[in-house]
Amino acid sequence: MSAQNFTSVVERLKKKIAAFEPELKEEEIGTVLEVSDGIARVSGLTSVAMAEMVAIKTSTGVVQGVALNLEADTIGVMILGDDRGVAEGNDVERLKTVLSIPVSDDLKGRVVDPIGRPLDGKPAPKRSTAMPLERVAPGVISRESVNTPLATGIKAIDSMIPIGRGQRELIIGDRQTGKTALLVDTILNQKGTGVTCIYVAIGQKESKVAKLVAELEARGAMDHTIVVVAGASAPAALWYLAPYAGAAIGEYFMEKGGDALVCYDDLSKHAWAYRQVSLLLRRPPGREAYPGDVFYVHSRLLERAAKLSAEHGGGSLTALPVIETQAGDISAYIPTNVISITDGQIYLESDLFYQGVRPALNVGLSVSRVGSKAQTSAMKKVAGKLRLELAQFRELAAFAQFATDLDATTQKQLERGRRLVEILKQDQFVPMPVGLQVASILAATNGAFDTIDVSEVREHERQLHGALKTDIPDVLKHIDSGADFDEKTKKALEAAIEKWRVRSKE
């Protein structure tokens with residue numbers, strides 16, 4: 001090599017050395033100190049944030065976790081998934097992202113776990129937006145009053161305990177009283193309404209959830225439904241995260257200006273899972289061993305349900321949480337907590353259920369704090385009389401147990417009340433349009449069923465519906481639309497009911 005070439009090479013090397021800037025990559029690596037029942041105690045991650053994701057490198061692969069306890073020298077990590085491969089000494093790396101679930105419109109019709117992993121055997125849904133599981137609820141300024149009905153298709157609820165879009169209505173009762181059936185009927189009734197439904201199964205048997213999904217598919221309801229499952233065999237961590245995942249999915253549709261309904265089935269099991277996680281994290285126990293913030297856990301979840309104002313998109317997220325009671329005790333710790341958070345409760349009673357009153361709705365203990373604001377004009381005008389007559393019937397029925405001789409007026413009211421109770425019974429999986437509900441209630445309160453034997457009332461109701469669908473389909477359609485129930489519409493409906501009553505006697 002000539003001297004000139006050598007000098008040229010040296011100059012180029014000097015320039016490269018002068019321009020060299022080392023790429024320093026700072027990594028914060030922690031170490032697992034101990035692991036027990038899905039909780040790992042980790043040291044060395046001093047900069048980790050609350051609810052931040054971490055990756056635990058095990059001998060069999062990488063397991064994800066989320067930081068929940070931030071202490072002076074260690075952090076408590078809730079392991080998301082199987083913890084059997086996690087052992088003392090495993091390296092733990094920060095992922096620098098908060099716990100979130102991928103959401104897109106392609107999620108409709110799918111069954112996923114609380115992290116967004118598919119459970120239905122189909123390919124992973126397309127990802128468009130990562131929605132954080134923990135989120136601050138919409139503020140007062142961005143909300144508006146609940147003013148749009150969310151019809152359940154169940155006569156007893158839509159008439160007396162109405163639910164509005166953006167409301168939080170608790171469904172409470174003992175096991176096997178029809179709580180899940182009520183949720184399923186509500187989901188079925190949203191077909192064609194534009195409401196996206198999210199059913200969150202917390203601690204349910206996988207076979208029960210599979211049966212529910214098959215029922216929704218068979219009835220064409222999975223097209224607008226997303227099922228989030230943390231089954232009975234899943235770790236407590238996924239039970240705890242499941243309702244937050246459901247809320248995050250619902251918020252995605254709400255923020256797009258749409259309407260969403262999320263059903264939490266049920267928050268009793270969610271509270272049990274949170275108690276287990278908290279005790280393993282060594283948080284101090286309180287009443288019934290629940291940690292002191294169990295109220296806050298449910299309140300920050302349910303407060304995310306909202307009806308947004310038009311300036312903020314006009315979307316809504318309606319919450320139907322379920323609480324299971326023991327022997328009908330609604331004064332227990334978790335039931336009273338959730339009752340105080342929600343906008344009313346639908347109380348399902350075991351005694352009524354076993355008497356054949358289904359849905360087993362206790363009208364005296366059930367309430368909607370939104371009331372008639374969440375009803376159509378027609379339902380508002382016919383339901384007031386129904387509730388009054390039922391209340392009078394309950395009082396008279398209690399009095400009649402001890403009376404031997406009743407006057408004709410009292411006997412007539414008792415007979416009317418028995419027929420009102422019968423007309424409010426409804427089979428599962430047959431949600432009813434508002435128009436037919438209004439027709440049934442108007443016919444019952446006007447005495448159209450008074451001369452019919454109680455055991456035959458429901459059969460005659462079916463015949464009435466068939467006649468109305470043939471005679472006045474336009475009137476029923478007008479009522480279904482939520483339009484004003486003016487005198488002309490009312491008279492047309494009453495005339496059709498009277499025509500059927502006369503015809504049925506012939």
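Between which helix and which strand does the loop with Pro 359 lie? In this predicted model, Pro 359 is placed in the loop that runs between helix H9 (350-354) and strand S17 (367-368).

**Cis peptide bonds**

The bond that leads into Pro 359 deserves attention: the peptide bond from Arg 358 to Pro 359 is cis, and its omega is near 5°. A cis peptide bond is also found from Asp 265 to Asp 266, where omega is near 0°. Asp 266 belongs to the loop between strand S13 (259-265) and helix H6 (267-280).

**Positive phi values**

Two residues are described here for their phi angles. Gln 176 is not a glycine, yet its phi is positive, near 60°. This residue is located in the loop between strand S10 (170-173) and helix H3 (179-189). Arg 282, likewise not a glycine, has a positive phi of about 65°. Its loop lies between H6 and helix H7 (294-302).

Are these side chains' residues buried or exposed, beginning with Gln 176? Gln 176 counts as exposed because its relative accessibility is 55%, and the cut-off for that class is over 50%. Arg 282 has a relative accessibility of 58%, so Arg 282 is classed as exposed.

The phi values and loops are set out below.

| Residue and phi | Loop |
|---|---|
| Gln 176, phi near 60° | Gln 176: between S10 (170-173) and H3 (179-189) |
| Arg 282, phi about 65° | Arg 282: between H6 and H7 (294-302) |

Helix H6 thus appears in two of the descriptions: Asp 266 is in the loop between S13 and H6, and Arg 282 is in the loop between H6 and H7.

Key:
Residues are numbered from 1 along each chain as its sequence is written. This is a predicted model: local features need pLDDT of at least 70, side-chain atom pairs count only at pLDDT 80 or more; totals for chains, interfaces and linings use all residues. Side-chain values use heavy atoms; hydrogens and water are left out. Helices (H or I, at least four residues) and strands (E, at least two) are DSSP runs, numbered from the N terminus. Buried means under 20% relative accessible area, exposed over 50%, partly exposed in between (1.4 Å probe, protein chains only).
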